[in-house]
Amino acid sequence: MNTKTLHEIDFFRIREEVAGYCVSEEGKKSLLDREPLKKIDEIEKLKNMGREWGAYFAATHKNPVSAWEPVKPLIPIIKANGAALTLEQVHSIGQFVISAKNVKEGIENHRIDLELKLLAEQAELLPDFTETEKKIFRVITPDGEMRDLPEISNIRKQIASLNSKIKTIMQQFTSDQKLANVLESNVPVLRNGRQVLAVKSSLQNRIPGIIHEVSQTAQTVYVEPQEAVLCSNELIQKEYELQAVIKKILTELTASLQPSIPAIRDGLPVMCLFDTTQAAERWGSEHNCTYAQPIRNSEPPLLLGARHPLLGSNAVPIDIRFMDEKRVLIITGPNTGGKTVSLKTFALLSMLNQAGFPITASDGTRLPVFSNVFADIGDDQSLDQSLSTFSGHMKNIAQAVNAAGADTLVLLDELGSGTDPQEGTAIAMAVLDELIKKKSFVLVTTHQGILKNYGYTNPSCINASVEFNQNTLSPSYHLMMGVPGESHALDIAQKSGLPGVICKAARDYIATEQADVSALIRGLNRKHIELNKIQKEAERKANDAEDKYQRLKSKELELRRKENELKKGKQQELNDFLVHSRRQLENLVRSLKEGEITREKTLGVKQFIAELTENTERLEGKIEAEEEKLARDEEAFAKEISKQKHPASTKKTKKKLSNAEALKTASTIISDDNYSSSVKTGVAASIKNQILQFEPGASVIAGANRNEGVLIENVRKGVWQVQFGSVKMTMKEKDLKLIPKKDVELSPDVSFELSSQMVNGVSITEKDVARPVFELRLLGMRADEAIKALERQIDLCVLNNFPHFSVIHGKGDGILMQAVKDYLSHSPVVEEFSAAPAEDGGAGKTYVQLKN
């Protein structure tokens, strides 16, 4: 891409602004190196990943990409034998592997409900850093501090003891009243890493020891007492010994990380891709952006509601509509009316789109992919290179014309200016002729009247103008397609302070022909405004008619639905009658068996039953066919409304998912005291790659409450006997939906309730299942009540993939706090737990992290 033009349209400024949303330095560097791409597949991949991030964030999920310090420069250090990473460098790698784990887990947990196809594909490319994580955090804490390992614990205790001993020695001197007139200060100070006393130089012999420093006035000497010298010497030795042990541990850790080099090298680009795409989406969300649609089947470019991102809330949205076979847009109108901004906005948004970023425009925007972009904007006058204003323009235009092609974007600001108007206009038309031959996309601004006529007469061009308010004599910055505009130079000059006498004289100099052209343009503008009003009124009436049609169609479908429901009610009555009749006849047969039975009587009974069953099934089939047809009509009608009211949009949704929706994939809870947490966490993992078909033993859901059951037997074609817990029911196959089987087999005689379920003996309704809490409050409960509530919370978290929460138990006498800690320490699903920091409750609150 032409770097000079990218600077002129402010592409690099916006790119730097987007990069500020990256959470890592390496992700930010990757984004700052990105330039507009030329392959549509690469562009759409970045935009689709951004769309999926939009769905992820709209569901109120926390950003899984966490910050990490650069790790690429650490790879050569790890690779070198005998080298040792510093604590900070080890912590950087730890941050990286934790971020990779969080991304992988976060995307995997929501890949189905949020349809995160591309993000899931990229997450699968991340290597497994489990062993690397264990090695690192065995040595350091999550905060990057060295753990109190056995190798260094004893040394640290000795150092603490020596420091305490030195402190005691110093206190003996400072608290001695006999030495009060000897010391300049009662507070020891540090000199060269040792604690010393400030002693008056005239009385220094009163305190035997080593003099480390003398004040500038020579009135004070800094003495280390003899008793503290030996302790300080030993302290220095222990500190050196501690550093040697730490260096040894870090050297061994560095060597153990060598097998992880390929994983770090492969995972880093993937993590940078995640970081850059989430940054682009977050930037777009804050600036009300959308993702442009690609051009398909030679569609013309369309820019709707476009705003220059640097103008912020002051930007006036504009629409730029190219038409079929028209690739040159000539924009005219008054000075300071927004012509140049329109050029820059189109070019900037096109380049942002090719970089995979969202753009500040409205839904329905579609943009092509340009192979290059050239611009002649502003004044390239240069005294050093002996370039005049006109020469600078010609140099830029020549470069653009020579390099232009069918997929090139060319911006020409004030084309034909800077020289004799007649010659400048001739050059301008010749340049446009050449660019039209090369089928380039060209945006031109000009004040030349002949170029306005050129735009009308050339079939490859389309005119546009920026509006001018005749009442206020100021531009409105709106872009009007299809109509040229006046320059309004005299009006703007007069408003800017040019004397009225001069403006009147200037108007007298204007030739009659030119005045006629201006009048024609004003007439065209008025006609354009009138046509816009007529078009909007026609669109309003068409929309009203469409709404009425849709309401009538909806009413018709509603009536048909009610009619069918009435038929179904009658059919149910017939089914009940059939069952009752069958039982009566079976009783009759039994009674006949007790007496004399003839063949004719038996055949008559069987024929009666068969005919009655056949008639009922025929009527039922007819009703089902009508219901299916009605469902198809309703679906087609819904799609028609969706297409008309909500055309294909690529803008991210702002809808927030409820807790029940976000947790809708939770498995059925099994009432079994011996049902271990390892089984619970394994249920979801086994529901993969199953072929679903109706057969005995298959798992299904039915009803509005999505109750789960198991198929027992096929009663007849299309009808199954289903067991819901301890209840058996006969249901139609069309009313059942197959679901994957769980690894845990449910015994038919295990009792379940359809309205509620049991977890470890505690009844949990369907509402409770969907609501594990972030913060469990146990204040005021007895110990046994609190443990039951905690037990239920953990079960809900396991079933809903809820990895962490906090427990508020207070301090009090410590009974409730101790009961909670005892339970957590013996729970097999708890990874770790710790007291909250002082600012978040301290010992009265416990953070709980569950196993994956």
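Guide: A residue is called buried when its relative accessible area is under 20%, exposed when that area is over 50%, and partly exposed in between, with a 1.4 Å probe and only protein chains counted. The model is predicted, and local features need pLDDT of at least 70, side-chain atom pairs count only at pLDDT 80 or more, while totals for chains, interfaces and linings use all residues. Residues are numbered from 1 along each chain as its sequence is written, and side-chain values use heavy atoms, with hydrogens and water left out.

Visitor: Is Y56 buried or exposed?
Guide: The relative accessible area of Y56 is 4%, and the limit for a buried residue is under 20%. Y56 therefore counts as buried.

Visitor: How are the rings of Y56 and F57 arranged?
Guide: Rings of Phe, Tyr and Trp (its six-membered ring) pair if their centres lie within 6.5 Å, and planes under 30 degrees apart count as stacked, over 60 as edge-to-face and the rest as tilted. The structure holds 12 aromatic pairs. In the pair of Y56 and F57, the centres are 6.0 Å apart and the planes stand at 80°, so the arrangement is edge-to-face.

Visitor: Which residues form one aromatic cluster with Y56?
Guide: F57, which at 21% relative accessibility counts as partly exposed, belongs to this cluster. The residues that form it with Y56 are W53, F57 and F274.

Visitor: How far apart are the end C-alpha atoms of helix α12?
Guide: Helices (H or I, at least four residues) and strands (E, at least two) are DSSP runs numbered from the N terminus, and the expected span of a helix is 1.5 Å times one less than its number of residues. With 16 residues, 339–354, helix α12 should span 22 Å. The distance between its end C-alpha atoms agrees with that expectation, being 23 Å.

Visitor: How many residues of α12 are buried?
Guide: Helix α12 is largely enclosed by the rest of the structure, which follows from a count over its 16 residues. The number that are buried is 13.

Visitor: Which residues of strand β8 are buried on one side and on the other?
Guide: Strand β8 (residues 328–332) is mostly covered, since 5 of its 5 residues are buried. Both of its faces are covered, so we can name them side by side: on one side V328, I330 and T332, and on the other L329 and I331.

Visitor: Which residue in β12 stands opposite V328?
Guide: Two strands pair if DSSP finds at least two bridges between them. Strand β8 and strand β12 (residues 441–445) pair in the parallel sense over 4 bridges. Opposite V328 in β12 stands V442.

Visitor: Which strands stand at the edges of the sheet β1-β2-β4-β3?
Guide: This open sheet of 4 strands has antiparallel pairing. Two of its strands each have a single partner strand, so one side of each is left without a neighbour in the sheet. These edge strands are β1 (189–191) and β3 (209–214).

Visitor: What is the angle between helix α9 and β2?
Guide: Axes are lines fitted to C-alpha atoms, for helices over the stretch in contact (heavy atoms within 4.5 Å), and angles run from 0 to 180 degrees between N-to-C directions. Helix α9 (residues 150–174) lies across β2 (194–200) and β4, and runs relative to β2 at about 10°.
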